[in-house]
Each structure stands twice: as structure tokens, then as C-alpha cells.
Amino acid sequence: MAIGLLGSRPVAVSAGDEGSLRVWDLPTLAPIGEPVKVGGPIRAITTSSFPEHPLTLFVKVGRSEKTITVRRFQGQPLTVTSGDAKGAAIGRLNGRTVKVTAGDELHVVDAGTGREIGPRILLGEDNGVNALELVTLHGRLTAVVNDNGGDENEPGPDPLRFVDLASGRRLVGIDGDFTTVRKARVNGKTVLLTVNRPAGSISIWDPVSRKQIGLLPGNPPAPSALGGESYGFSRPAFIEVSLAVGELAGRPIAITGGGDNTVRLWDLGTARQLAATVPPGHTDSILAIAVSESAGRPVAITQGWDGQTIQWDLATGRRVAAPPPDTYGSLEDIPADRLRDRTVVADRAGGGRFRDLVASSLEEALRARDERTAPWVTQVGDRTVLFGRDGARAWIKDLATGAGIGAPVKIGATTPLQLTTLAEIDGRPVLLVSLKGTTRILDFQSGHLLGEVSGVSSSESPIAVARVRCTTGVLTRRSSRLYFWDLRTGRRLTPTLRGHGTRVLQILTGRLGDIPIAVTAALGGEIRVWNLLDGQQIGDPLKAHNRLVVMALGYVNGHTVVLAGGKAEKVLMWDLGR
């Protein structure tokens, strides 16, 4: 974050991990112009501006540095030229203007002659410096350094260290774990602001007494959508918060931006938030994507680590408002039309209640790995059913009546339910249990074992089912290779599907016009589309943002589309054609 002037107009500038710059009006935080791609991630940004002159931004991108001049920002691109982004803290010491730099040592240099004055002050070997500020305490110029103290203190907390620059004497500092320090003038007094780990809050300190005199909430980390413990791992909070300070109409202000993708404007005199931007979408990794219909139009529903469930119009790619979900106490309370539309899912967090979330398949994608969870809504053939287990038996129920469909099937008390697959053979609902090199076919009509197919197995993830030439086939994977089998005979329906260079993580099946297809995602974000009639690849590989990929297949105006998302907080969509 940085604050500057665009002509005579006060603005804030934000830089994101995706490598783009955005300019915001102050105090409204309304966007000015379009985002500008610089290349990223951007690690530092400072400004230099004067009324009626261009706004100059000094940007550090990786190890390179750029100077960006903002001459006009009304939908026109910025001019980018090379330049020097390095700066130094400037102050007055014994009547002379001096430049102070911090690294392994503190150096004080006469700004006029370039000669070093005063003692060199050791801070630590291989010292990492987050920020340096100069303040005057009792008439003496003092350096306030936020650093890690060198290798000997890593990975401990990063406090504030105070050093008298005339004598080189270390003073009492401020203990804590901070990511940066800034100074400001509030009510005629100099104060220090720190970003606090891990909360992302902003403390306001009196540098004389070293006491905290105010606290801003800052940009708190987004809550986990699912709770890491139920998934067998803990997700660390994203705590990086950027901070800039300045004045607006004579008032001291601070600007913050963080992992919640929000820019916030604060009044330092009152410690209150004045304005905040609204993120256009998710502010953390996307966990699941589902495709459904809402009000007669195709939509995608996405779930993120930020706890948000967002609905998008597939035809326009724009976010659309979705009504708040209704919560029902039992299946009997759910209107029949909602069940027919596949718009109800089981709400585990609500203790077995049911919620209208538009797309039941999203809940299926997000179901917990804990086998004690509530049942979920899914499909078998063209039917929407409730799927669950009681001990060693799995069952399906009619959503409208809650009555069991057929008979429960015995799968064993230790078989993970999420590694089973619902399918349909000759109109009969069956359950495929794939373990130890064999896929068992269990009939829900009778509860009996219909048969076993040796050599067809995927013990690490559910197998995918597709219909080809009136035959039910299953797709399994072994590392980067995929196999398509006849479920009745165990024979190969196509040659081995080869092409991925890394392990396949996800398999989807659908149709591209009259062609049955499979869409596969591999480690590294590569996505391939396969013709299941002959096992050949359709088109060139698609490339998603990053290693963690979730996918969905959808259909818009007769076109088949692939959607993918992950850590980049965006959903990509490709049109495969008709």
C-alpha cells in the first residue's frame, strides 16, 4: 500500500500478489481507471508526487525495480520505465541532514557530503530488516528498526529496536512480533504504527513511553470455510497486511490491505474505519465448483477457504446475487419443487438439518472425510437421492419421502464411504466399491452383490462412470495414466489414456455434443479432455492457475464448458464447443 497525489487528487495505490497495481480515490476508495499489470508478485511500493505533477511509483517486483509514472489514469495504460526504487530514511542530526540505512549495521551518512558520521551500529549478521523509521526522543534522533536481529534470532519474533544515533547506544524497545513499522503525527504528537502477527491488527504506540495507545482491527485473516481439523490438517492463517500512513484534509490516516483482498481507510485520530473496498469474488483459495441452474439460467457455485459461497452466471461470467438459503428441520419440511430441482443439501454443521444451497453437487464435493458426518445429496443416473451409511451398510433414500430405495448394501465398517461411487446399470441403482484391485458391484434393489470386476480399481479416489454405446464404463487412474473399463466384463473399452506427465488428481465425465468425454486434472494444473469412444485427446491441454485444482463441467447455450479454480482466487472457464 502507498498514498500519493494524482495531480491534486489524493489517492491510495495497492499492489497485489497477482502483480497488478490499482489506484483508489480518497476518501471514498472508489477505483480510478483499470488495474495495471506490472508483473509480480509486487514486494514493495512507494510514491513520490507533487500537486499538478505526475504520480511516480517506485515498485519492487522480485529482485528488479521499476519506476512507474501515472500521467493519466482514465482507462489509459500507465507508462513503465526503468528506475531506482531504493530509498533511505532522512533526518536531522546535530544540525545536519543525514541519511540512515539499516542492514547488518546501522549507517549514518551526511546527506551533503556523503561521508559517514557517527558510530557503526551492529544489528546482526544476515539481519532481515522489515522497516526503519526515525523519531526524535527528548531532542535526540533515534532509529526505530523492525528486524529479526540476524540469524541467531530466527525464527523468533521481530520486535522494535530503538537506537540513539548520536551515541550508538541501544535504548529500551517494544516487544512483540511485527511485520513493519510506520510513523505518523496524531494530535500534534509522533506515534508509531505496527502490523501485529498473527492477528493482522494495527497497534498505535507512544514512542516515548513505549505503551500502546490505540488498536485498529486491520485486515484479519479470512476464516476457514470447513475447519482444518475435520480434514485432518490445520490451515495457517494468512497474516500479511500492508500499511501506509499519510494525511487527508488535515487528518492523519492509515491505509491497510491484506489477505482479505480489501483496502481499508482508517482515521488515526479516532481509530475508526472510514471506508473499505468490496472484493469482487473469493479472497482465498477456491475449494469446490458446482454447476446448476437458478431461475432458469446456468450458474456456477463456488466455495472458498474464505467461507463464502458465491454464485456466478455462466453466460456472462458475472457474480449474481443469490437469495439466502432456507434451512429445514427435516426432509418432510422441504417443498417438493425444491427437491425436484436438486436444490437441497444436508447441512452437517446444523446437526442434520437441510439447507437450500442451489447445488447439491457442491456439498458432495465438500463433504468431510470424517465418516461420522451426516448424509449428502447426490445423483444416481437421473435421480437425486440422499446417500449415507449406518455402520457397515450404505443406503440411498428418496428425497421427497425419505423412504429407502431398495435395500441397504453391505460395504464393511471400515470402507471409506467417500471412495465409493454411485452408478446405474440397466436403470438399477448400484454402488461401486473399489478396493484391492477389484471393483465390487452392489445392487440397491436387492442389497446383494451383483458381481466383481478384477483389475478395475482405484483405491485412492472414487472411480468415474460414463455411458458409451449403451455400455456403462468406469475410468480409473494409476499415477498419470487413465484406463476405461467395461463394468460388466472388465475389458478395456479404449486404449490407455496417456498424456499427463504428473499424477492425475480429478476425473470428470460428460458429453461434448454426441461424444462422451472425460476431463482430467493433474498435479501442476494441466487439464486434458478425452474422447471416450476412441481414447484420443480432444484439443490441446488446458492450463489452470496452479497446483491445486478443482473442476466442474457445465453446459451453456448448447456449449460444453470446463471450469477450474484453486489458489489464485479465480475461476477459469474454457468453451469446448458444441
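User: What does the side chain of threonine 180 make a polar contact with?
Analyst: The side chain of arginine 182, at 2.8 Å. Keep in mind that this is a predicted model.

User: Where is threonine 180 found?
Analyst: In strand S17.

User: Buried or exposed? I mean threonine 180.
Analyst: Buried. Its relative accessibility is 8%, and the cut-off for buried is under 20%.

User: Leaving aside neighbours within four places in sequence, which residues is threonine 180 in contact with?
Analyst: Asn130, Ala131, Asn146, Leu193, Thr194, Val195 and Leu243.

User: Switching to charges. How many salt bridges does the structure hold?
Analyst: The count is 13.

User: Let's take arginine 197. Which side chain does it meet in a salt bridge at 3.3 Å?
Analyst: That of aspartate 158, with the distance taken N to O. The two sit in distant parts of the chain, 39 residues apart. Arginine 197 is in the loop between strand S18 (189–196) and strand S19 (202–206). Aspartate 158 is in the loop between strand S14 (140–147) and strand S15 (160–164).

User: And which side chain meets arginine 197 at 2.8 Å, N to O?
Analyst: Aspartate 177, again in a salt bridge. This pair also links distant parts of the chain, 20 residues apart. Aspartate 177 lies in the loop between strand S16 (170–174) and strand S17 (178–186).

User: How accessible are those three? Start with arginine 197.
Analyst: Arginine 197 is partly exposed at 28% relative accessibility. Aspartate 177 is partly exposed too, with a relative accessible area of 24%. Aspartate 158 is buried, at 8%.

User: Why does aspartate 158 count as buried?
Analyst: Because its relative accessible area is 8%, and buried means under 20%.

User: Why would such side chains pair at all?
Analyst: Side chains of opposite charge can pair when their charged atoms come close.

User: Next, aspartate 313. What does its side chain meet in a salt bridge?
Analyst: The side chain of arginine 297, at 3.6 Å, N to O. Aspartate 313 belongs to strand S27 (residues 309–313), arginine 297 to strand S26 (residues 297–304). They are 16 residues apart, and the pair links distant parts of the chain.

User: Is aspartate 313 buried or exposed?
Analyst: Buried, at 9% relative accessibility. Its partner, arginine 297, is partly exposed, with a relative accessible area of 33%.

User: Last one. Which residues are linked with Arg120 in a network of salt bridges?
Analyst: Glu105 and Glu116.

Methods. Residues numbered from 1 in each chain as written. Predicted model: local features only at pLDDT ≥ 70, side-chain atom pairs only at ≥ 80, totals over all residues. Heavy atoms only, no water. Salt bridge = Lys/Arg side-chain N within 4 Å of Asp/Glu carboxyl O. Helix = DSSP H or I, 4+ residues; strand = E, 2+ residues; numbered from the N terminus. Buried < 20%, exposed > 50% of the residue type's maximum accessible area, 1.4 Å probe, protein only. Polar contact = N/O pair within 3.5 Å; in protein donor to acceptor, adjacent residues only side chain to side chain. Contact = heavy atoms within 4.5 Å.
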